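Here is a brief report on one chain. It covers the contact between domains, then the sheet.

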Amino acid sequence: MKLQGLVFDWAGTLADHGSRAPVATLEAIFAAARVPVTVAEARLAMGIAKKEHIRSILALPRVRGEWAQVYGTEPGEPELEALYAAFIPKQLDCLVQHSDVIAGVPEAFERFRGRGLQLGSSTGYTRPMLDCLLQLAARQNLKPDAAFCPDEVPFGRPAPWMCFRNAMQLGIYPMWTMVKIGDTPSDIAEGLNAGMWTIGVTRTGNETGLTAAEWNATLPAAQQALEGAAGQRLLAAGAHYLAPSVAECDPFLDAIEDRLRAGHRP
Ligand SMILES: [Mg+2]
C-alpha cells in the first residue's frame, strides 16, 4: 500500500519561517488593549483557529489577572469579540510581511508529486487570510492542490475536519494513506484525530520561533537545544516522526511506506 496524499500546515511549515506573523499580530492587539502578552503566551495555542487562540490567551490566569487590574473586571465575550475584530485587519497586513515560502519547499513539492502524492493544506487562518497567503505563495511557485480553513468546517484543530475536507476534495481514502505535516502540537493532534500519520516540523516552525536569518545567526549548540526542545513538544503531542523542515521529510515518507507495506497503521 502506498501513501496517496499529504496535508500541510501553512505558517511555520510551508511559509513564514518561525511562524512570526501570528505572534506579531497577537502581541500588537494585546499591547493595544493595554494587557501585553509574552511571546511564549502568544505561541502556546498556536495552530488553532484564531478566535479560539485569542480566547485561550484570555483564559490564561496571568492574563486574566492583569486584565482585571487594568479594567476592574475579567475579560468576557465582548472583550474577545473586540480583540478578534482588531486582529483581522492587522493579521492581513502582517501576512504580507511574513509570507516568504520556506527554503526548499517548492522543490520538495515537486519531489512529492513525483512520487504520486497529492498535496493538501489546512490552517488556523480565516479564508481571507488563507486566500492572501495562497496568492503570495503562488507567486513563489508554491501551489497546493487543496486548502481548507476553520471557517469551512464545524471546528478547527484539533478536530480532524479540515483533513477530511482535503481528503474528499483530493479523492483520497483511507486516511491512513495520508500524512499530516505541521509545526505545532495542534497540527499533530489534528492529524492523529483524522487517523493519519504525522510528521512534526522542528527547525522552521512555531516551537523554535526564529526567522531563517535568526536561525542562521544562532550558534550550533543553541540550535541543537532549540530544535531538541521543539521536537520534545511535538513528540509529546504524538508525532510519529520529526523533520527539521518540509524539505527534509522524504526519508520519513519512505519509512511510513515501509510500515504500510508491513501492515502497520498510524
Ligand atoms: Mg503553523
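## Where the domains meet

In this predicted model, 23 residues of domain 1 are in contact with 17 residues of domain 2. Two helices, α7 (127-138) and α9 (185-193), each supply at least two residues of the side of domain 1 that touches domain 2. Helix α7 gives the largest share of that side, five residues. Sorted by class, the side of domain 1 that touches domain 2 holds eleven polar, eight nonpolar and four charged residues.

## Domain layout

The domain assignment of the chain places 5-19 + 100-261 in domain 1. Domain 2 is 20-97. Between the C-alpha centres of domain 1 and domain 2 the distance is 24 Å.

## The sheet

Five strands make up an open sheet. Their order is β2-β1-β3-β4-β5, and the pairing is parallel. At the edges are β2 (118-122) and β5 (241-243), each of which pairs on one side only. From one strand to the next, the twist averages 25°.

Take one pair in detail. Strand β3 (residues 178-182) pairs with strand β4 (residues 197-201) in the parallel sense, over four bridges. Within this pair, I181 stands opposite I199 in β4.

## A helix on the sheet

Helix α8 (residues 161-170) packs on the sheet. The strands that α8 touches are β1 (5-9), β2 and β3. The direction of α8 makes about 150° with that of β2, which is also an edge strand.

Definitions and conventions. Residues are numbered from 1 along each chain as its sequence is written. This is a predicted model: local features need pLDDT of at least 70, side-chain atom pairs count only at pLDDT 80 or more; totals for chains, interfaces and linings use all residues. Two strands pair if DSSP finds at least two bridges between them. Axes are lines fitted to C-alpha atoms, for helices over the stretch in contact, and angles run from 0 to 180 degrees between N-to-C directions. Two residues are in contact if their C-beta atoms, placed from the backbone, lie within 7 Å. Domain bounds come from an automatic or database domain assignment. Ala, Val, Leu, Ile, Met, Phe, Trp, Tyr, Cys and Pro count as nonpolar, Asp, Glu, Lys and Arg as charged, and the others, Gly among them, as polar.
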